[in-house]
Amino acid sequence: MFSPTDQLHMAEALRLAELGLYTTTPNPRVGCVIVHDGQVAGAGWHETAGGPHAEIRALRAAGARARGATAYVSLEPCSHHGRTPPCTDALIAAGIARVVAAMQDPNSQVAGSGFDALRAAGIQVDSGLMRQEAEALNIGFVARMRRGRPWVRLKIAASLDGRTALANGRSQWITGPEARRDGHAWRARACAVLTGIGTVRDDDPQLNVREVETPRQPLKVVVDSRLQLPLSARLLATGKVLVAAAVDDQNRSAALRDKGAEVLLLPNAGGKVELTELMRELARRELNEVHVEAGTKLNGSLLAAGLVDELLIYLAPGILGDGARGMFALPELTDLAHKRLVQFADVQTIGGDLRILARVLN
């Protein structure tokens, strides 16, 4: 169905889409290449929400050469009026003869209707080329659209024996500067960075992106059941902060709001923050990827609730021993059959540390 030439041009469309890795949120990352008589006539990528979509940029570059051409696009062209007009209308008006898409748009406002509109106009539509690569590029957008909550990536820096901090809470710095810089790049692509009140007390983190250039800063989210966040916390100094709480302390809430934070009350029956509802709320706010940098207790709670999709683990070449803190606070297992399973997706060396990217299976 797809030729080597098709694969070549779709790979370029995906490369262009990746240029929007840090800028397109809450929209998906999309690239488009228009080919006329075997030659690239125009190309484009979606840069920011509200700006021209990839297809529109490519059509503008192609001009009259779009007529009779093939458009390679990493996501089904939109068929609805959002911040911009439908891309299907522009492709039809330009005289595109064929559209090759990597995947169907998971957004219920599109979800096949874009393909239907193109076919109704007599345009040949072929879909599914390099679908897995396209979904991986928009993993958070796909997750939010399909299940109503963001993709949650939990980052951990640990010693070789899986210890994340000393018994007294000190953890700076277990890993080297290259790993820390890499971690900031993952922060930069996320829509929110989430931590718990314990980490704030122990490390007083800023939770912003500093080690790499970024056009925007992610939202800072603090899980703080009892509203114990110090008003002097460094994370309150800059950027937007959302504090998820379980107690309705109006004085503390007012003090945090005076510091520019938003307080969100989400109690569960146990007097803690209802984490599943928090993730649903973040999805309602159009957040695609959530990057977690927390301590053993919140890590364990998120994993136990089935809310962790991916682990980003940096292992340093050192040993801290059993007295140091582990990665997850979880109930003791009495049977290995109950262990939580992961699938290694990528393993590589970053500076002097080992980086493991793993998908949580159960």
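**Entry 1: Trp45**

I began with Trp45, which counts as partly exposed at 22% relative accessibility. I note here that the model I am reading is a predicted one. Trp45 belongs to strand β2. I then asked which residues Trp45 is in contact with, leaving aside its neighbours within four places in sequence. I found Leu16, Ala17, Leu19, Gly20, Thr23, Val30, Gly31, Ala54 and Arg57. For Ala17 I also looked up the spacing: 28 residues separate it from Trp45 in sequence, while the two C-alpha atoms are 5.5 Å apart in space.

**Entry 2: the sheet around β2**

Next I looked up the sheet. I counted 5 strands in an open sheet, with the order β2-β1-β3-β4-β5 and mixed pairing. Which strands stand at the edges? They are β2, residues 39-45, and β5, residues 124-127. Each has a single partner strand, so one side of each is left without a neighbour in the sheet. On average, neighbouring strands of this sheet are turned by 15° against each other, direction ignored.

I followed the sheet to β5. Strand β4, residues 98-101, runs parallel to β5, and 4 bridges join the two. I picked out one residue in β4 and found that the bridge partner of Val100 is Asp126 in β5.

I also checked what helix α1 does here. Helix α1, residues 4-18, lies across β1, β2, β3 and β4. It runs at about 145° to β1.

**Entry 3: two loops on the way**

In the loop between α1 and β1 I looked up Pro26. The peptide bond that joins Thr25 and Pro26 is cis, with omega at about 5°.

In the loop between β4 and α4 I looked up Ala111. Ala111 is not a glycine, yet its phi is positive, at about 40°. I wrote down a relative accessible area of 36% for Ala111, which makes it partly exposed.

**Entry 4: a second positive phi**

I found another case at Glu286, whose phi is near 65°, a positive value in a residue other than glycine. Where does Glu286 lie? It is in the loop between α10, residues 275-284, and β11, residues 289-292. Glu286 counts as partly exposed, at 35% relative accessibility.

**Entry 5: cysteines**

I searched the whole structure for disulfides and got 0. Why is Cys32 without one? The closest cysteine sulfur to that of Cys32 is in Cys87, and at 8.5 Å it is too far for a bond. Cys87 is in no disulfide either, with its nearest cysteine sulfur, that of Cys78, 3.7 Å away. The cut-off for a disulfide is 2.5 Å between the sulfur atoms. I also looked up burial: Cys32 is buried, with a relative accessible area of 0%, and Cys87 is buried at 1%.

**Entry 6: rings and charges**

A search of the whole structure for aromatic pairs gave 0. I did find a charge over a ring: the charged end of Arg180 sits over the ring of Trp173, 4.4 Å from the ring centre.

**Entry 7: Asp182**

My last residue was Asp182, in helix α7, residues 177-189. Is Asp182 buried or exposed? Its relative accessible area is 17%, so I entered Asp182 as buried. Leaving aside neighbours within four places in sequence, I found Asp182 in contact with Tyr314, Ile350 and Arg355.

Key. Residues numbered from 1 in each chain as written. Predicted model: local features only at pLDDT ≥ 70, side-chain atom pairs only at ≥ 80, totals over all residues. Heavy atoms only, no water. Buried < 20%, exposed > 50% of the residue type's maximum accessible area, 1.4 Å probe, protein only. Pairing = 2+ DSSP bridges. Axes fitted to C-alpha atoms, helices over the stretch in contact; angles between N-to-C directions. Contact = heavy atoms within 4.5 Å. Phe/Tyr/Trp six-rings, centres within 6.5 Å; stacked < 30°, edge-to-face > 60°. Lys NZ or Arg CZ within 6 Å of the ring centre and 35° of its normal.
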